[in-house]
Amino acid sequence: MKKSTNILLLFIAFVLASCNPEKSIKTYDFEGEYELRTQVVSELMDGTFDTMPYALISPMKIYVEANKLYVQTDYLGLPDLASANPVAMDLRRDPPKPIDTTTVVIPDSLNNDSTSQGIENVVVENKAHIVMSDGIVITLRDDIWARSLPIRALSVEENKIVLGESDTFEVPLTDAKGDLLQNVTNQFIYSPIKRENNELSWDVSLKMSFSKPEINIEVKGIKYLITIKRL
């Protein structure tokens, strides 16, 4: 009788574990809502760096789904080109500066026409457009700046989330008239999210490969230096 009871208890425990697969991943208290403060640094072809004069403030969520840990940000994941209901970015600048989501300006450093200020007054149609603006990748969908896709963690340790790198994706580089100059192949390289003295930090790089390197391009990559505050 005792043996039968033990078998029954083991069966019940197995069923409960099967019904709650998310509980089997150990997250070390990383799950939660956060705020990112990002300093965008352009890495130039001559080996110097150009730091944006403001920081970007945006939300981040770390969560578990189907027994996998994900990091959801506004602009550090792959562009969302196909979700049925794209979510708008919640992106702010510090010091504050109004963001006009109907206007996209490509920085001079990514523009072959040094006398122009980039693309302005982009007409947004109901399809995806990927652009670079002030060092970040923006996906325009359904008249909104669509939040990027979540980043899947490779592993979770007591004080570290290991992320790796994204798939590659293409971004068209145009002149001030909107004419295509070339395509840029981008890839996010993620350092681990580290926790030290209960504080989180994270570095992300955007690797850029140009289809026509003979065109005079100043920027060869972007670095995102990130501090994270738990909400």
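**Salt bridges and backbone features**

In the predicted model, Lys160 is partly exposed, with a relative accessible area of 27%. The side chain of Lys160 forms a salt bridge with Glu157, and the closest N and O atoms of this pair lie 3.8 Å apart. Glu157 is likewise classed as partly exposed, at 38% relative accessibility. Elsewhere, salt bridges with shared partners join Glu35, Asp90, Arg92 and Lys229 into one network.

Two of the pairs concern members of this network. Lys229 and Glu35 meet through their side chains in a salt bridge, with an N to O distance of 3.8 Å. This pair links distant parts of the chain, since Lys229 belongs to strand 16 (residues 219-230) and Glu35 to strand 1 (residues 32-44), with the two positions 194 residues apart in numbering. Lys229 has a relative accessible area of 48% and is therefore partly exposed, the threshold for exposed being over 50%. For Glu35 the value is 23%, which also places this residue in the partly exposed class, given that buried requires under 20%.

The other pair is formed by Arg92 and Asp90, whose closest N and O atoms are 2.8 Å apart. Arg92 is partly exposed at 34% relative accessibility, and Asp90 falls in the partly exposed class at 40%. In general, side chains of opposite charge can pair when their charged atoms come close. A search of the whole structure yields eight salt bridges, including those of Lys229 with Glu35, Arg92 with Asp90 and Lys160 with Glu157.

The backbone was also examined. The peptide bond leading from Asp94 to Pro95 is cis, with omega near 5°. Pro95 is located in the loop that runs between strand 4 (92-94) and strand 5 (129-133).

Positive phi values occur at Asp29 and Asn197, neither of which is a glycine. At Asp29, phi is about 65°. The residue lies in the loop between helix 1 (2-19) and strand 1, and Asp29 is exposed, with a relative accessible area of 55%. At Asn197, phi is about 55°. Asn197 is placed in the loop connecting strand 14 (193-196) and strand 15 (199-210), and counts as exposed at 72% relative accessibility.

Note on methods: Residues numbered from 1 in each chain as written. Predicted model: local features only at pLDDT ≥ 70, side-chain atom pairs only at ≥ 80, totals over all residues. Heavy atoms only, no water. Salt bridge = Lys/Arg side-chain N within 4 Å of Asp/Glu carboxyl O. Helix = DSSP H or I, 4+ residues; strand = E, 2+ residues; numbered from the N terminus. Buried < 20%, exposed > 50% of the residue type's maximum accessible area, 1.4 Å probe, protein only.
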